[in-house]
Amino acid sequence: IYDLLWQVNYCSPGHITPCRPSPYRAPSWSWASVDGRVSWRWNHLSMVRATAPQALAEIVECKVTTQDQSLPFGQVTNGSLSLRVPLFSCERDSGGHIYIVLDQTESPAKGEPAHASSSIRSILPGSGSPTPARMLQIQAHADCQEDAATRSVWAIPLVHIPGESCTEGLLVTRVGLDDEEGAFNMRRSVYRRVAYFTYTPMNSGDEAWYCWGSPQPSVEIQLV
């Protein structure tokens, strides 16, 4: 799980503007899927954390197909990662800030995210109204400029660090796959990664009224 929490370095010395390479190189959840420098917060924080991190997701299955099956570390042609995770819909305000929506009208089905109630949607930040109590503003780090423009995203929290009151995870967007007849089919449970995010409570009371993963049930999704 921790290896999924890489982020692109936009300001590293001699950096290039991160982009998704063409032709296909790797699935979106792999750092190899972007041209640019990446890093992990875990490299320099894991040894000084006072409390053990709590995994909020479970890896169900990982599949990778290589061009030459006799070379397991050769050129990748396809890959998928199945996760069991809490899945939350997100909203953007007029300033581009991203919020995780915690309120929902009903429990989501398999692969279906929680949706905000109409009362929450009507008072989104940026509309001149106060921030709703059950929306969490997150810090998102897009994997590339193209992904930064993605409007419809969902959040999957992966790790919570109690000692730091910090949660890390990924932002994903739904993808369409061709069905057996070649027609475009929007598979609700299939997503691709577009960003890494962190969430730190604005005050000490924020975590008291909500615990990641509860009451939100986990669903199984596939990242490609």
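# Exercises on pockets, cores and buried sites

In this predicted model, the largest share of the lining of the largest pocket, three residues, comes from β5.

**Exercise 1. Describe the largest pocket by its volume, its lining residues and their chemical classes.**

Solution.

Step 1. The volume of the largest pocket is about 450 Å³.

Step 2. Its lining consists of 22 residues, and those nearest the centre are Y24, A26, P27, S28 and V224.

Step 3. By secondary structure, β4 (58–66), β5, α3 and β10 each contribute at least two residues to this lining, with β5 giving the largest share.

Step 4. By class, the lining comprises eight nonpolar, eight polar and six charged residues.

**Exercise 2. Characterise the second largest pocket in the same terms.**

Solution.

Step 1. The second largest pocket has a volume of about 240 Å³.

Step 2. Its lining is made up of Y24, R25, A26, P27, W29, S30, W31, A32, V64, Q75 and V76.

Step 3. Eight of these lining residues are nonpolar, two are polar and one is charged.

Step 4. Y24, A26 and P27 line the second largest pocket; these residues are also among those nearest the centre of the largest pocket.

Step 5. P23 is placed in the loop between β1 (6–8) and β2 (38–40). The peptide bond that joins S22 to P23 is cis, with omega at about 5°.

**Exercise 3. Determine whether V224 is buried or partly exposed, and identify its contacts.**

Solution.

Step 1. V224 is located in the segment after β12.

Step 2. The relative accessible area of V224 is 23%, so this residue is classed as partly exposed; the cut-off for buried is under 20%.

Step 3. Residues up to four places away in sequence are set aside. V224 then touches P27, S28, W29, G79, S80, V175, V190, Y191 and R192.

Step 4. In C-alpha terms, V224 and R193 are 7.8 Å apart in space, although 31 residues separate them in sequence.

**Exercise 4. Identify the largest nonpolar core and the strands that build it.**

Solution.

Step 1. The largest nonpolar core contains 21 residues, and L83, I156, L158, I221 and L223 have the most contacts inside it.

Step 2. Five strands each supply at least two residues of this core: β5 (76–86), β9 (154–161), β10 (166–178), β11 (184–199) and β12 (218–223). The greatest contribution is that of β9, with five residues.

Step 3. Beyond its neighbours within four places in sequence, L223 is in contact with W29, G79, S80, L81, L83, I156, L170, V172, Y191 and R192.

Step 4. A separate second core has 14 residues, including I100, L102, A195 and F197.

**Exercise 5. Establish why P157 and H160 count as buried, and list the polar contacts of the H160 side chain.**

Solution.

Step 1. P157 lies in strand β9, and H160 is placed in strand β9.

Step 2. P157 has 0% relative accessibility and therefore counts as buried. The C-alpha atoms of P157 and L170 are 6.5 Å apart, with a sequence separation of 13 residues.

Step 3. H160 has 9% relative accessibility and therefore also counts as buried.

Step 4. A polar atom of the H160 side chain lies 3.2 Å from the backbone oxygen of C166. The side chains of H160 and T167 are joined by a polar contact of 2.9 Å.

**Exercise 6. State where T150 is found, whether T150 is buried or exposed, and which residues T150 touches.**

Solution.

Step 1. T150 is found in the loop between α3 (145–148) and β9.

Step 2. Its relative accessible area is 13%, so T150 is buried.

Step 3. A polar atom of the T150 side chain is 3.0 Å from the backbone oxygen of D147.

Step 4. With residues up to four places away in sequence not counted, T150 touches R92, T173, R192 and V194.

**Exercise 7. Place these sites in the context of the whole protein: what are the totals of helices and strands, and what percentage of residues is buried?**

Solution.

Step 1. The secondary structure amounts to three helices and twelve strands.

Step 2. Of the 224 residues in the protein, 43% are buried.

Step 3. For contacts between residues at least 6 apart in sequence, 67% join residues at least 24 apart.

Notes: Residues are numbered from 1 along each chain as its sequence is written. This is a predicted model: local features need pLDDT of at least 70, side-chain atom pairs count only at pLDDT 80 or more; totals for chains, interfaces and linings use all residues. Side-chain values use heavy atoms; hydrogens and water are left out. A nonpolar core is a set of buried Ala, Val, Leu, Ile, Met, Phe, Trp, Tyr and Cys residues joined through side-chain atoms within 4.5 Å. Buried means under 20% relative accessible area, exposed over 50%, partly exposed in between (1.4 Å probe, protein chains only). Helices (H or I, at least four residues) and strands (E, at least two) are DSSP runs, numbered from the N terminus. Contact means heavy atoms within 4.5 Å. A polar contact is a pair of N or O atoms within 3.5 Å; within protein, one must be able to donate a hydrogen and the other to accept it, and residues adjacent in sequence count only if both atoms are side-chain atoms. On a 1 Å grid over the protein atoms alone, a cavity is a set of points where a 1.4 Å probe fits but cannot get out, and a pocket is an open set with protein on both sides within 12 Å along at least five of seven lines; lining residues have an atom within 4 Å of a point. Grid points are joined across faces, edges and corners, and a volume is the space filled by probe spheres set on the points. Ala, Val, Leu, Ile, Met, Phe, Trp, Tyr, Cys and Pro count as nonpolar, Asp, Glu, Lys and Arg as charged, and the others, Gly among them, as polar.
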